[in-house]
Amino acid sequence: MKLEIMTTKEYREKKEDSVQKRRLQESMERGKHCKAELFSDCIVGTFAIPDKTDLFHKKQILGYYLDQKELLLVSDQKMKSDLRKEVEKYSLDVMDTPAQFLAGFIEYLIKEDVIYLQNFEERLSKMEEHLIHKEMKRFDVQILNIRKELLILDSYYQQMIDLCGILEENRNNLMTEQECRVFGIQAARVERLHDSTHVLKEYSLQLRELYQSRMDERQNKVMQMLTVVTTIFMPLTLIAGWYGMNFTNMPELSSKYGYPIVIAVSVGMILLEILWFKWKKWF
């Protein structure tokens with residue numbers, strides 16, 4: 001088995017001109033997703049790997065060329081160095097065939113994703129606790145960012161499932177039955193990650209709905225308080241309007257006790273209304 005890891009520049013300089021070479025270069029230049037293209041004697045494709053430290057940054061594009069004797073990985077300089085270290089660390093280059101190495105590389109790409117998704121679950125759980133305790137500062141922005149990140153992961157895992165499915169089908173008969181089963185195993189693993197991502201998306205949606213219900217509840221309380229205050233002062237408005245007419249024969253206008261009496265009546269009405277509202281538990 002032959003394994004090569006090159007940068008895009010090295011690949012352009014060293015590889016002979018062929019249909020496969022042009023397709024691989026085009027795939028990497030336009031590469032925005034994971035895919036596999038089957039030829040009669042090889043498989044050419046790309047991995048669009050999201051940066052898990054910041055999912056909103058540009059994806060890392062890695063191209064691959066696979067035939068029965070060789071696996072070629074083409075990436076940028078930084079990824080090339082990282083891949084070399086991983087090959088030396090895990091001794092992936094001792095695998096028997098190029099197809100087995102490619103399957104092992106897919107496993108390497110997702111090997112820590114279970115823990116990564118658990119971190120998402122912990123973040124959402126903490127947000128739920130804050131929401132329950134009414135600590136909702138910038139909650140809408142946080143939940144929106146998490147949903148965007150989960151959508152990126154959901155798309156990535158779906159592409160990986162499709163890629164592994166194409167390799168497992170082996171329509172160009174490039175691989176053995178055993179190698180196809182290995183890709184089927186990887187597809188099942190990625191599918192479990194995809195299912196976990198879907199569950200997290202549902203969880204984030206529930207939290208967003210809970211947040212919206214909290215906001216509606218807060219607005220309802222504000223409106224309820226405004227309604228109560230308006231209701232309390234409506235009788236005082238009536239009294240002010242009534243005695244503001246200043247008709248000549250109104251007895252209270254000439255009485256020296258008229259003003260204190262109106263004050264006492266107004267205060268008494270407010271107290272009675274407050275007691276009534278409390279008894280009805282309106283506030």
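A salt bridge here means a side-chain nitrogen of Lys or Arg within 4 Å of a carboxyl oxygen of Asp or Glu. Keep that in your pocket for the later stops. One thing to know before you start: the model on your screen is predicted.

**Stop 1: the whole chain**

Show everything as a cartoon. You should find eight helices and five strands. Walk along from the N terminus and the elements come in the order β-α-α-β-β-β-β-α-α-α-α-α-α. The protein has 283 residues, and 40% of them count as buried. Switch on the surface, and you are looking at about 17500 Å² of exposed area, with carbon and sulfur atoms supplying 55% of it. As for contacts between residues at least 6 apart in sequence, 66% join residues at least 24 apart.

**Stop 2: the sheet**

Now select the strands. The five of them make an open sheet with mixed pairing, in the order E1-E5-E4-E3-E2. Which strands stand at the edges? They are E1 (2-7) and E2 (35-38); each has a single partner strand, so one side of each has no neighbour in the sheet. Turn the view and look for the twist, which averages 15 degrees from one strand to the next.

A quick bit of background: strands of a sheet pair through backbone hydrogen bonds, either parallel or antiparallel. You can find both kinds here. Select residues 43-49 (strand E3) and 60-66 (strand E4): they run antiparallel and are joined by seven bridges. To pick out one of the partners, click Gly-45 and then Tyr-64 in E4.

Next, add helix H6, residues 139-169. This helix lies across E2, E3 and E4, and runs at about 165 degrees to E3.

**Stop 3: strand E5**

Select residues 70-75. Is this strand buried or exposed? Six of the six residues of E5 are buried, so the strand is largely enclosed by the rest of the structure. In a regular strand, side chains alternate between the two faces of the sheet. Show the side chains of E5 to see its two sides: Glu-70, Leu-72 and Val-74 are on one, Leu-71, Leu-73 and Ser-75 on the other, and both faces are covered.

Now look at the partners of E5. With E4 the pairing is antiparallel, over four bridges, and the two strands form a hairpin with three residues between them. Gly-63 has Val-74 in E5 as its bridge partner. With E1 the pairing is parallel, over six bridges.

Click Thr-7, which is found in strand E1. The bridge partner of Thr-7 in E5 is Ser-75. Thr-7 has a relative accessible area of 8%, under the 20% cut-off, so the residue counts as buried. Try the distance tool from Thr-7 to Val-74: the two are 67 residues apart in sequence, yet 5.3 Å apart in space, C-alpha to C-alpha.

**Stop 4: the salt bridges**

Time to use that opening definition. How many salt bridges does the rule give? The count comes to ten. Here are some to visit.

Start with Lys-52 and Asp-113, whose side chains meet at 3.5 Å, N to O. Lys-52 sits in the loop between E3 and E4 and Asp-113 in helix H5 (residues 113-132), so the pair ties together parts that are 61 residues apart in sequence. Lys-52 is partly exposed at 23% relative accessibility, while Asp-113 is buried at 2%.

Then go to Arg-171 and Glu-169, where the N to O distance is 3.3 Å. Both of these residues are exposed.

Finally, zoom in on helix H7. Glu-217 and Lys-221 both lie there, four residues apart, about one turn of the helix. Their side chains meet in a salt bridge at 3.7 Å, N to O. Glu-217 is partly exposed, at 34% relative accessible area, and Lys-221 is partly exposed too, at 46%. Add Arg-214 to your selection: Arg-214, Glu-217 and Lys-221 are linked in a network of salt bridges.

**Stop 5: a nonpolar patch**

Last selection: Leu-238, Trp-242, Met-245 and Phe-247. Together they form a nonpolar patch on the surface with about 470 Å² of accessible area. Click Met-245, which lies in the loop between helix H7 (177-243) and helix H8 (258-279). With 40% relative accessibility, Met-245 counts as partly exposed.

Definitions and conventions:
Residues are numbered from 1 along each chain as its sequence is written. This is a predicted model: local features need pLDDT of at least 70, side-chain atom pairs count only at pLDDT 80 or more; totals for chains, interfaces and linings use all residues. Side-chain values use heavy atoms; hydrogens and water are left out. Patches are made of residues with over 30% relative accessible area and no salt bridge: like charges are joined within 9 Å, nonpolar side chains (Val, Leu, Ile, Met, Phe, Trp, Tyr) within 5 Å. Accessible areas come from the Shrake-Rupley method with a 1.4 Å probe; for residues, only the protein chains shown count as cover. Buried means under 20% relative accessible area, exposed over 50%, partly exposed in between (1.4 Å probe, protein chains only). Contact means heavy atoms within 4.5 Å. Two strands pair if DSSP finds at least two bridges between them. Axes are lines fitted to C-alpha atoms, for helices over the stretch in contact, and angles run from 0 to 180 degrees between N-to-C directions.
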